[in-house]
Amino acid sequence: MHTADDPVIERPPQGTSASRLPPVKAPEPPNEWRTYEITTTVNLKGKSGPTRLWLPLPLNQDTLYQRTLGHSWTGNPANAGMRRLPDGDLEVFLCDWPDGGDAKLQLTTLVTTADRHFDVTKRTVAPEREDILRRNLQASQLIPNDGLAFQLGERIIGRIKDPVAQAKAIYDWVVDNTTYDPSLPGCGTGDVRKQLISGQYGGRSADISGLFVSVCRAVGIPARCVYGLRTGSSRLFRSLGISGDDATRGQHVRAEFYIPGYGWVPVDPSDVRRVIAMDIMSDRDSKLISLRKILFGVWEMNWIAFNLGTDITLPGKNSAMPFLLHPQMEISGRTVDDAAQYSIKTRQVVI
């Protein structure tokens, strides 16, 4: 049995997917890419006082499933620019106005994406950096990696030795034992500690994906939440995309776990529960059974990844926040939680 202190990356069980590796095959770039233009518009009316705004930006490093092509902006801030946190897990657009009474900003980003698939017959050439793997075994403010999380992980994986099979068992348990609550604001709080103590599992995507990450870390499998935004319609289920061009409330949290030799494997247990809740489907529906299989190892990229950051201290702030998914605004030193102050539009473009 592995733990966060004795992870699979150090001592993979013999004869498992982490030790019996197939021949090395370099990752092949996908052939089909879709490009999205994402425009965030901020118009403040009647909000006097010094104003500061932080907007999450897409991943700043290219991956096999997402590339940021560029940013442009217009408006009247006194200062504006992109800021990256030292660990590279987060990049934001930061701007401020001496008086927000007539603050205007429009930020446009071009991002191209390709559907992401995990192929068990291939392994990556280069292993992940040790410091990144260590970070994704550690507990965060809301995601524990010991105690109740470890006890739950022990019960779930039982005698399973193969780390991919362990992660699949955790994924299946999360899908079977959580509920999706569309009445909650945003993507939920992501407070896994509270779920474990209460025994009431679920919420929204930050809560469900966070639970998967917590249990993986507790049994020694590096895992992390990936915070992002839905940008288009879904080919799988209507409820897994946005209709039209309004993505203002399209924020969504996914997850991934790491296995030596294979790299980061994408999962999305939250979207299985979302379909059950939003489409009112039975757990035994054949379409749902297929979706459940698909979302262990596949991300449909009608969604863009913003960042991987947890316990974030934004530039210019002193206190940490669990994660950054929505635009953050501060007026006269006080946080303003008002989604009516901004809108996010997306459209697919050909370049």
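Student: Let's start with burial. How many of the 351 residues of the chain count as buried, as a percentage?

Tutor: The general idea is a cut-off: a residue is buried when its relative accessible area is under 20%. Here 53% of the chain's 351 residues fall in that class. Keep in mind that this is a predicted model.

Student: And the surface that remains, what supplies it?

Tutor: The chain exposes about 15900 Å², and 48% of that comes from carbon and sulfur atoms.

Student: What does the radius of gyration of the chain say next to that of a compact globule?

Tutor: You compare the value with what the chain length would give. A compact globule of 351 residues would be near 20 Å, and this chain has 20 Å, so the two agree. For overall dimensions, picture the C-alpha atoms in a box of roughly 65 × 45 × 40 Å along the principal axes.

Student: How do I read contacts along the sequence: what share join residues at least 24 apart?

Tutor: You set aside pairs that are close in sequence and look at the rest. Of the contacts between residues at least 6 apart, 77% join residues at least 24 apart. For a single case of residues brought together, take arginine 11, which sits in the segment before strand 1. Its C-alpha is 9.9 Å from that of glycine 220, although their positions lie 209 residues apart along the chain. Leaving out residues up to four places away in sequence, arginine 11 touches His2 and Asp6.

Student: Is arginine 11 buried or exposed?

Tutor: In between. Its relative accessibility is 48%, so arginine 11 counts as partly exposed.

Student: On to secondary structure. How many helices and strands are there?

Tutor: Seven helices and 17 strands. To read a sheet, follow the strand order, then ask which strands sit at the edges. One open sheet has four strands in the order 3-6-1-17, paired antiparallel. Strand 3 (66-75) and strand 17 are the edges, each pairing on one side only. Neighbouring strands in this sheet are turned by 15 degrees against each other on average, ignoring direction.

Student: Which strands does strand 1 pair with, and over how many bridges?

Tutor: Strand 1 is joined to strand 6 (residues 104-113) by 10 antiparallel bridges, and to strand 17 (residues 342-349) by eight, again antiparallel. Glutamate 37 is a handy residue to look at: it stands opposite leucine 110 in strand 6, and its bridge partner in strand 17 is arginine 347. Next to it, isoleucine 38 has threonine 346 as its partner in strand 17. Strand 1 (residues 34-43) is mostly covered, with eight of its 10 residues buried.

Student: What about the sheet with the order 12-11-10-14?

Tutor: That one is also open, with four strands paired antiparallel. Its edges are strand 12 (263-267) and strand 14 (303-307), which pair on one side only. The average turn between neighbours here is 40 degrees, direction ignored. Inside the sheet, strand 10 (residues 223-230) and strand 11 (residues 251-259) share seven antiparallel bridges, and leucine 229 is partnered with glutamine 251 in strand 11.

Student: Which helix lies across strand 10, strand 11 and strand 12?

Tutor: Helix 5 (residues 205-218), running at about 15 degrees to strand 11.

Student: How do I read a hairpin, say strand 15 and strand 16?

Tutor: Look at the pairing, then at the turn. Strand 15 and strand 16 (residues 334-336) pair antiparallel over three bridges, with glutamate 330 opposite threonine 335. Two residues separate the strands, and serine 332 in the turn has a positive phi of about 55 degrees. Strand 15 also has four antiparallel bridges to strand 2 (residues 51-56), where leucine 53 stands opposite methionine 329.

Student: Are the faces of strand 15 (residues 328-331) covered or open, and by which residues can I tell?

Tutor: Both are covered: Gln328 and Glu330 on one side, Met329 and Ile331 on the other, are all buried.

Student: Last one: how many disulfides does the structure hold?

Tutor: Zero. The test is a distance: two cysteine sulfurs have to be within 2.5 Å. For cysteine 187, the closest cysteine sulfur is that of cysteine 225, 11 Å away, so a bond is out of reach. Cysteine 225 in turn has its closest cysteine sulfur in cysteine 216, at 10 Å, also too far for a bond. Cysteine 187 is buried at 3% relative accessibility, and cysteine 225 is buried at 4%.

Key:
Residues are numbered from 1 along each chain as its sequence is written. This is a predicted model: local features need pLDDT of at least 70, side-chain atom pairs count only at pLDDT 80 or more; totals for chains, interfaces and linings use all residues. Side-chain values use heavy atoms; hydrogens and water are left out. Two strands pair if DSSP finds at least two bridges between them. Axes are lines fitted to C-alpha atoms, for helices over the stretch in contact, and angles run from 0 to 180 degrees between N-to-C directions. Contact means heavy atoms within 4.5 Å. Buried means under 20% relative accessible area, exposed over 50%, partly exposed in between (1.4 Å probe, protein chains only). The radius of gyration is taken over C-alpha atoms; the globule rule is 2.2 Å times the number of residues to the power 0.38. Accessible areas come from the Shrake-Rupley method with a 1.4 Å probe; for residues, only the protein chains shown count as cover.
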